[in-house]
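Colleague: Could you walk me through this model? I would like to ask a few things as we go.

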2 protein chains.
Amino acid sequence: MRQTQLFTKTKKLAPKDEMSKNAELLIRGGFVHKEMAGVYSFLPLGLRVLNKIENIVRAEMNAIGGQEIRVATLHPSDPWKKTGGWDKIDVLFKLTSRTENEYALGQSEEEIVTPLVQEYAFSYRDLPLAVYQIGQKYRDELRAKSGIMRGREFGMKDMYSFHTNQTDFNRFYEIVKKSYFNIYERCGLNAKVTEASGGNFSEKISYEFMVLTEAGEDDILYCEICEYCVNLEIAKAKEGDACPKCQKSKLRSAKASEVGNVFDLGQKYAKDFGFTYMDEAGTRTFPLMGCYGMGTTRLMGVIVEALSDVSGIVWPESVAPFRVHLLSLDANEQAEEIYKQLTDAGVEVLYDDRDARAGEKFADSDLIGIPYRVVISQRSLASGLAEVKRRTAKSAEMVPLGELPNFL
Amino acid sequence: MRQTQLFTKTKKLAPKDEMSKNAELLIRGGFVHKEMAGVYSFLPLGLRVLNKIENIVRAEMNAIGGQEIRVATLHPSDPWKKTGGWDKIDVLFKLTSRTENEYALGQSEEEIVTPLVQEYAFSYRDLPLAVYQIGQKYRDELRAKSGIMRGREFGMKDMYSFHTNQTDFNRFYEIVKKSYFNIYERCGLNAKVTEASGGNFSEKISYEFMVLTEAGEDDILYCEICEYCVNLEIAKAKEGDACPKCQKSKLRSAKASEVGNVFDLGQKYAKDFGFTYMDEAGTRTFPLMGCYGMGTTRLMGVIVEALSDVSGIVWPESVAPFRVHLLSLDANEQAEEIYKQLTDAGVEVLYDDRDARAGEKFADSDLIGIPYRVVISQRSLASGLAEVKRRTAKSAEMVPLGELPNFL
């Protein structure tokens, strides 16, 4: 894409009321636009990143047998009253229509998905099954100061699974855990899984996936040697104690950001909706249910928090809006040719064809954070070379022009 | 996909309160689930159709230079109060947060997109530009009896363009008109464009794209020879009159469904938000704005209304959930092999591997409406043939098993 065709421009400053690093950088780079605290629109660059994150999540959910659906976000109040969520969940947005009907905005979808699946699962032969969706969620947060990491409107992948017994839920949880770690790894993040307190309705323990970052809202206690990791909220040990699992190291504490969670919902929702299936013995039985959340916009915010540097964002290749940022310094004719070569070879290129100073182009390129920066200038052309710099590298390499498509 | 893996099942009956043909067929086929009047969730089969429709729309919008964004649906009240929409638009859903902030749910996005574009378009050199999104919209309809054709929550593509002068808007409108006709054609529909009355705020004429169907909520008057077509609401002629444009035929009236609209918004929104750009003479000037809507879920409903028959839905190939419905009649071993061959060849196949009667499989296949039905039975295998029937054809053809991948 030509940068002169992109309707957004970089900004020197984010809005004054923006307090989070992720939104500050994303706004300045032209990835998102702030509509109000906790509500952001995604601009062309930001939507490209979000689409890539969503596609990674989608591929991993499909790979473990998740069936994608798109659930309504405007909910009737009945199912929310049936489960108690209407009165108990303080972040639930409620509204009333002209005809005096009460609605809720989806903040999670157990109330819709449980009776939906109930219409199709009659027998133990129909279980287990897992459905998921990727869509908007709404939460009436009192404060929303974490940019796209905690929004009043945000994108989320939520999966719901239904099982005949606890062993089967546990089996599936291990599969989901692996796919969650795949997702974080593909997004360039290092995640840990912790035990945390249950959700609104779960009396059981829940699992949270955490990325260590200074912007984190949670405090965790973890072992550097084994997988032991626990949320400080429910930890029995403290910093400096020996790891209760491997005994080989002392526990450390850190700030961390939640990037996913799992709730073992037991039979709570099945019982609320009278959802039974016929088991092998011919008895009507309530299925067990699990809920697996992952904020897609939050994940994008955490990537920015965890991987940016003083000059701007540092996108991992997997979710970068483009692979190559091609900068022309008074060499548009040759840059055009290279732009054509690279795009013909299937490389995603943002081509800075603007009539702007070199310093501005370099600063914008660092801010936007595309993995490879390629500079074409009269000087480099004289020696038949292009300057290629990885966003994560300190210095650039000189690459012969003819080898560029293969190099990238 | 194996049908035994699909969590939905066909139903004999739609909910009793469902009055529209489109939702009745879509619910019975397992494409959508009704949450309440005017609100539907999309199940795996339905989401596949909707994704294909969205991708056709996306490709056509990208081809004319539209830049895709994803706009927030939870809106602050300020911009809606600024334009007068807060009090004037009766279908606007309003809600209040715990902290007494007032919000609106997006029913169209001029109020968000105008100030958003304002932050990036400063000069005549930044214009024209067009941004669009595909996402959920919300309208507080008094009645919602048309299935997915008129929802309280629905999917929509909305594009907004900004221009320096009326000639340029007119030029772009002609380009959009062509791309809209491309979309309808690719979706198997025959559309006409009419002049209609303006929208909520437009004093100018608007354009509506119409598909002739018995389920249509509008009455149009059209000429069978030329392109003349007008909404009866604003028609000066009547049925049987000579066409005022070509004079060659008599006007006919028909029921039609709107599948898209264009509003010439003039400077209304630019003035509301004080959005000016610097023109070539160095004067600050308000841009002209156009809005181009197309309901994506509505389009899916119209396809069902326009193309279904007594046995069920008839999907055009371009948006069908699968290309081939493979039915095994007691021949699972050979059907498995053909399923593998076809999917390996890149053909999208729904494979009915259920343990069900032939009559049930045939009826479900007609209801679901996949373009090609392939039946593998012991009888056909004996002669090395498969029975292939197009959903639109009266009779089947016998095709040698080895030629199936090429045939399909």
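What follows is a short exchange about the fold, the symmetry and one set of strands.

Modeller: Happy to help, and please keep in mind that this is a predicted model.

Colleague: What share of the residues of chain A count as buried?

Modeller: The C-alpha trace of chain A spans about 80 × 60 × 45 Å along its principal axes, and the chain holds 12 helices and 21 strands. A residue is buried if 20 or more other C-beta atoms lie within 10 Å of its own. Of the 408 residues of chain A, the share that meets this is 47%.

Colleague: Nice. What symmetry relates chain A and chain B?

Modeller: A turn of 180° with a shift of 0.0 Å along the axis lays chain A on chain B, with an RMSD of 0.0 Å. That relation is a two-fold axis.

Colleague: Then which residue of chain A comes closest to the rotation axis?

Modeller: Both copies use the same surface, as 100% of the contact residues of chain A recur in chain B. At 2.6 Å from the axis, taken at C-alpha, the residue of chain A that comes closest is L95(A).

Colleague: Which strand forms a hairpin with β11(B)?

Modeller: Strand β11 of chain B, residues 218-222, pairs antiparallel with β13 of chain B, residues 252-266, over 5 bridges, and there D218(B) stands opposite A256(B). β11(B) is also joined by 3 antiparallel bridges to a strand at residues 229-231 of chain B, where L221(B) faces V230(B). With 6 residues between the two, the hairpin partner of β11(B) is β12(B).

Terms used:
Residues numbered from 1 in each chain as written. Chains lettered and ligands numbered in written order. Predicted model: local features only at pLDDT ≥ 70, side-chain atom pairs only at ≥ 80, totals over all residues. Helix = DSSP H or I, 4+ residues; strand = E, 2+ residues; numbered from the N terminus. Buried ≥ 20, exposed ≤ 12 C-beta atoms within 10 Å, placed from the backbone. Least-squares fit on C-alpha atoms with pLDDT ≥ 70 in both. Contact = placed C-beta atoms within 7 Å. Pairing = 2+ DSSP bridges.
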